[in-house]
Amino acid sequence: MKRTFIICLLFFLLLPGLFAQDLEKKQYFATRITIPPIINGVLDEEVWLTGKWADGFTQNQPYNGKPETQKTEFKILFDDNNLYVAIKAFDTAPDSIVNRLTRRDEADGDLVGIILDSFHDLRTGFLFGVSSAGVKYDQMFTGDGQNQDASWDPNWWVKTSLNKEGWIAEMKIPFSQVRFDKTSGEVWGIDVARILYRKNEQCFWQHIPRDAPGLIHLFGELKGLDKIKPRKIFDVTPYAVAKTESFKSVPENPFQSTGKLSKLNGGIDAKIGVTNNMTMDLTINPDFGQVEADPSVVNLSAYETFFTEKRPFFIEGNNITNFGLGIGDGGVGNDNLFYSRRIGRQPQGYPDMKDGWYADIPTRTNILGAAKLTGKTKDGLSIGIVEAMTDQEMAVIDTIGGRKKATVEPLTNYFVGRIQKDIKNGNTIIGGIFTSTNRELDADVRDILHKSAYTGGFDFTQYFKNKSWMFNMNTALSLVEGSKKAILNTQESSAHYFQRPDKNYAILDTNRTSLGGAGGRVQIMKLNGHWNFMGAALWKTPGFETNDLGYMRVTDQILYVLWAGYNQFNPKGFYKSFNINSDFYSINNFGGNWIGGGYEWNANINFKNFWNLYTGGSLNTESLSSDMLRGGPMMKLPGSVNPRIGISTDSRKKLVFSVNANGSKGFRNSSDNFNASMDISFKPTNYLVLTISPAYNKSYSDLQYVTQTGYNGKDRYIFASINQNTISTSFRLNLNLSPNLTFQYWGQPFVATGKYYNHKFITLPMADNYRERFWTYTPGQISFDGDNYTIDENIDGKTDYTIGKSDFNVKQFLSNFVVRWEYNPGSTVFLVWSQTRSYFTDSGQMDFFNNIGDLFNKGINTPHNVFLVKFSYRFGLK
């Protein structure tokens, strides 16, 4: 397999491609003014008579390279402090302009925007966009447009107006909101974009070909910004929060006897320009009460569930500190040296308790403060630094006769340092990353957490043939240190399983006080044209460990991938565009074993009526699982086939729906899984959107891990067949009274059940015959008393061991209602109501409507309500 991979890589390198031709770059000369315009979206002031209007936009889609169907023109003025942009979006059918109110960065309808490469590094862009309804959408582009950061929210002003000729956008962009060097005013990169919503037409002033390998390096040039000086931003935003909670009163529990809790809190956020092109973001005692809760999930695997980051401070600029070692979406695609959800996580310890004791255990770790330093020098050196400190969290325990405290999360410092250097106009990029986690441990948590954890990485990217080809390598080392017990826990965790009896190349060492390893990724890609290719190799040694500040599911793997795809961009016949792609993959471990492989395929087509259809799937070979027995020997598992299909309607319409389905069928009747979901969105007016998203899952597995026990000096790995059913529905309401005043509601009822039966134990995990790999208990060997299964394996009338009942019925209802008012740029008021309802039984039976009824039955379930008001005010200094 290795030899085949190398041959294919050489083939791709030598394959003649259809490389893009250099496009002539347009130039625009800005005009200096002395009297600034009043931003009202009308352009009725004399100052707009100066300067030059520029037009001549070209379609990017649907008809790549053709002229725009509706004329667009823009003008740029400036003074010492601000850039002023006027964009006229002419329209011969102004009554057809789609004018929808939404939240910031969720703009819908007709749009215009300007993208500035103020560094002129051909890799970084700042987008200032607005919808015809006046809703801002702003983004930061990095990596030549490969990464978009929609959480970047600069402070700028914009107004729009509709007229008989179309609509107008008038902007004021402070120079303090973009980064540039003293000498970079001589030339900036620039492009202006427009989306004509009813035709799904996207056009640019400087044409960006649909198959272009990148974005920013193709921009036109903005000149004439002579004698402007970089402005250091200095924004300080203090906030105050008043919060009250109500929950079920438990009279005998001194921490929940009243069923109520109220508190006041406050903190400070700041954005400070350290130098002309370096910005520091600070937060002291941050509060993220307005952030939507994570969706409900039942996880029966050995691995941690990955949740996306939603907290604004950690989202903004996270592309700068990103250091991925994975590929694709989900699973191994989430592998990264920096997973910001580690900061402020749920405490990892739990106090020792006795009967009759009660404990008040924190549900999250308080962040004392955090700082980010980001920017780019005139020499092309990008810097990203994150420093955060989380508090020691203590559980308070009522011991009947008194109270005591126990540490559940220690005082911890997190650090991330990331640099990248552009060479040769961004065609060569080298960089590195260093992360550290350092904890102040005491006896309560010394044996469950690492005292320190470090990772260091190096990355190299080289572009060829006008950025049509790319070679990239990311490689990293890791080191964790702690007590013998803590390192033993790491060795025995699901990411490593050093205790496996057949793992003779990575030996469990009970005397270790540190563990080190390495990981990395190498890939080569063809980026432009109709045909695209990729070859990649990923590896993680058995001792690689990044989960203190990063995210990683498994180690001891070498993964090879060969991928090819074809894209057709221009409309023909009945379609607007389509793409197909497929890949082969193969996995080995560091013991020389071939673990498995497979083939994946995808196809997607956009029809001329703006409907979309996709299909795809995968075919997985028989594989060797190192985690099936949770630390036991490897086990041979049957392969599977996994098809999927989905269709969505025209997203421009008032009523939009999509339907998705996927399944999985394990060979030899080992498993069966079916998922179906639907999204229905209704826009009765331009300021209201209602969405409902029901989902259903039904699955069967012949082998679900239950527990491990011993029998006659041998390990017994106990499994069972399981039937699972999950039903959930998400409701969303977005009401936007103005671009700055929005109401948002999200609610999710969730019911998941699991019924275990046909209990069995593993006999010959590597047997060729699937049915010989386990033994199903006979009626004479197993009996059930309502709470436990009693096992008499040798049928001698004596109990050999017992197995607890594992059936479950999980019921949850989560909801958030948020009112957001940005009464001044950067200053906001939040009103938040969140509710959680949870209920659990061990019936294992799905009865959705009665289960939901249980959640809202006051006699058996009391909700946990949180009400809060958050007020912030921005003080901005230039």
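Buried means under 20% relative accessible area. Lys636 has a relative accessible area of 13%, so Lys636 is buried. The model is predicted, and every value here is computed from it.

Lys636 makes a good starting point. Its side chain forms a salt bridge with Asp768, and the closest N and O atoms are 3.0 Å apart. Lys636 belongs to strand S34 (residues 635-637), while Asp768 sits in the loop between S40 and strand S41 (774-776), so the salt bridge ties together parts that are 132 residues apart in sequence. The partner has another setting. Asp768 has 62% relative accessibility and counts as exposed.

The whole structure holds 36 salt bridges. Asp422 takes part in a salt bridge with Arg123, whose closest N and O atoms are 3.2 Å apart. This pair links distant parts of the chain. Asp422 is in strand S23 (residues 411-423), Arg123 is in the loop between S6 and S7, and 299 residues separate them. Asp422 is buried, at 9% relative accessibility. Arg123 is buried as well, at 8%.

Asp422 also meets Lys376 in a salt bridge, at 2.6 Å from N to O. Lys376 lies in strand S19 (residues 367-376) and Asp422 in strand S23, so this pair joins parts that are 46 residues apart in sequence. Lys376 is buried too, with a relative accessible area of 3%.

Next comes a network. Salt bridges link Arg104, Asp138, Asp153, Arg820 and Glu822. Arg104 is found in the loop between S5 and S6. Its relative accessible area is 13%, so Arg104 is buried. A polar contact of 2.6 Å connects the side chains of Arg104 and Asp138. What else does Arg104 touch, leaving aside residues up to four places away in sequence? The contacts are Val135, Lys136, Asp138, Asp153, Pro154, Trp156 and Glu822.

Now turn to the nonpolar residues. The largest nonpolar core has 38 residues. Within it, Phe74, Ile76, Ile114, Phe128, Met171 and Trp188 touch the most other members. Six strands each supply at least two residues of this core. They are strand S4 (72-78), strand S5 (82-90), strand S6 (111-117), strand S7 (125-131), strand S11 (166-174) and strand S12 (188-196).

Met171 shows how the contacts spread. Apart from residues up to four places away in sequence, Met171 touches Ile39, Leu83, Tyr84, Val85, Ile87, Gly113, Ile114, Phe128, Val130, Trp156, Trp157 and Val158. There is also a second, separate core of 21 residues. Phe323, Ala370, Val386 and Tyr414 are among its members.

Strands S4, S5 and S11 also appear in a sheet. This open sheet has five strands, in the order S2-S4-S5-S11-S10, with mixed pairing. Strand S2 (31-32) and strand S10 (157-163) are the edges. Each has a single partner strand, so one side of each has no neighbour in the sheet. S4 and S5 pair in the antiparallel sense, over seven bridges. Phe74 stands opposite Ile87 in S5.

A helix comes next. Which residues of helix H4 (residues 848-855) are buried? They are Phe848, Asn851, Ile852 and Leu855. These residues cover an arc of only 95° around the axis, which puts them on the same side of H4. An α-helix has 3.6 residues a turn, so residues three or four places apart point the same way. The buried residues of H4 pack against four strands: strand S39 (714-738), strand S40 (741-762), strand S45 (808-824) and strand S46 (827-841).

Last come some backbone details. Gln61 and Pro62 are joined by a cis peptide bond, with omega about 5°. Pro62 is in the loop between strand S3 (58-61) and S4.

Asn200 is not a glycine, yet its phi is positive, at about 50°. Asn200 lies in the loop between S12 and strand S13 (201-204). At 30% relative accessibility, Asn200 counts as partly exposed.

Lys465 is not a glycine either, and has a positive phi of about 50°. Lys465 is in the loop between strand S25 (452-464) and strand S26 (469-481). With 53% relative accessibility, Lys465 counts as exposed.

Definitions and conventions: Residues numbered from 1 in each chain as written. Predicted model: local features only at pLDDT ≥ 70, side-chain atom pairs only at ≥ 80, totals over all residues. Heavy atoms only, no water. Core = buried A, V, L, I, M, F, W, Y, C linked by side-chain atoms within 4.5 Å. Buried < 20%, exposed > 50% of the residue type's maximum accessible area, 1.4 Å probe, protein only. Contact = heavy atoms within 4.5 Å. Pairing = 2+ DSSP bridges. Polar contact = N/O pair within 3.5 Å; in protein donor to acceptor, adjacent residues only side chain to side chain. Arc of directions from axis to C-beta. Salt bridge = Lys/Arg side-chain N within 4 Å of Asp/Glu carboxyl O.
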